[in-house]
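Good morning, and thank you for the opportunity to present at this meeting. Please look at the structure as it appears, and I shall then take you through several of its residues.

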Amino acid sequence: MNKKREPYDKIAVGERIRHKRIQLGLSQDELAVRINRATKYCSDIERGMCGMSIETMLAIARALDMNLDYMMFGEISETEREWQQKDAMTLIHIIEKAPASQRNYAIRLLKLFIAATGTSST
């Protein structure tokens, strides 16, 4: 019995990788060094122009501290969602406890970061 496997969405995977790389402030050159691959290969992956071996997927996931389910399918586990919520609550608590001048500065920095990365979610 031969079942036809659906290929993964290379473009969507590449977009998630690029987004996470940018979020971490890494260049394609830096990612390439971290995963021991050519920069052009990283660029091709991010543009969805080529597939990856399992070894490359694992190397990228490790280099970007990225969950494989999220990288490949855009799915976030319940545990990861809980950690994200906990991180957000910790950040809110830190900002609330800061003096007004530091709080305002932190909020401005966060707004700049969100604007620079072009998104408000992970």
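Leaving aside residues up to four places away in sequence, Thr39 touches Gln28, Asp29 and Ala32. One of these neighbours deserves a further word: the side chains of Thr39 and Asp29 are joined by a polar contact of 2.8 Å. I should say at once that we are looking at a predicted model, and that the values I quote are computed.

Where does Thr39 lie? It belongs to helix H3, which covers residues 39-46. Is Thr39 buried or exposed? Neither word applies, because its relative accessibility is 29%, and Thr39 therefore counts as partly exposed; the cut-offs are under 20% for buried and over 50% for exposed.

Two distances help to place Thr39 in the chain. Ser27 is twelve residues from Thr39 along the chain, and the C-alpha atoms of the two are separated by 9.4 Å. His19 is 20 residues from Thr39 along the chain, and here the C-alpha separation is 16 Å.

Let us stay with Ser27 for a moment. Ser27 sits in the loop between helix H1, residues 10-23, and helix H2, residues 28-35. With a relative accessible area of 29%, Ser27 is partly exposed.

I turn now to another threonine, Thr56. This residue is placed in helix H4, which runs over residues 54-63. Thr56 has a relative accessible area of 2%, and so it is buried. Which residues does Thr56 touch, not counting those up to four places away in sequence? They are Arg37, Tyr41 and Ile45.

Next, I ask you to consider two residues in loops. Asn36 is found in the loop between H2 and H3. Its phi is positive, at about 60°, although Asn36 is not a glycine. Asn36 counts as exposed because its relative accessibility is 68%.

The second of these residues is Asp65, in the loop between H4 and helix H5, the latter being residues 68-73. What is the phi of Asp65? The value is near 50°, which is positive in a residue other than glycine. Asp65 has a relative accessible area of 67%, and it is therefore exposed.

Let me now step back to the chain as a whole. How many helices and how many strands does its secondary structure contain? There are seven helices and zero strands, and the pattern read along the sequence is α-α-α-α-α-α-α.

As for its dimensions, the C-alpha trace spans about 65 × 35 × 20 Å along its principal axes. The radius of gyration of the chain is 17 Å, whereas a compact globule of 122 residues would have one near 14 Å. Of the 122 residues in the chain, 28% are buried. The accessible surface comes to about 8,800 Å², and carbon and sulfur atoms account for 55% of that surface.

Contacts along the sequence can also be described. If we take contacts between residues at least 6 apart in sequence, 53% of them join residues at least 24 apart.

I finish with charge. The chain carries 19 positive and 16 negative side chains. How far apart do the centres of the two sets lie? They are 3 Å apart. Thank you for your attention.

Key
Residues numbered from 1 in each chain as written. Predicted model: local features only at pLDDT ≥ 70, side-chain atom pairs only at ≥ 80, totals over all residues. Heavy atoms only, no water. Helix = DSSP H or I, 4+ residues; strand = E, 2+ residues; numbered from the N terminus. Rg over C-alpha atoms; globule rule 2.2 N^0.38 Å. Buried < 20%, exposed > 50% of the residue type's maximum accessible area, 1.4 Å probe, protein only. Contact = heavy atoms within 4.5 Å. Areas by Shrake-Rupley, 256 points an atom, 1.4 Å probe, with all protein chains shown as cover. Lys, Arg positive; Asp, Glu negative; His and termini not counted. Charge placed at Lys NZ, Arg CZ, Asp CG, Glu CD. Polar contact = N/O pair within 3.5 Å; in protein donor to acceptor, adjacent residues only side chain to side chain.
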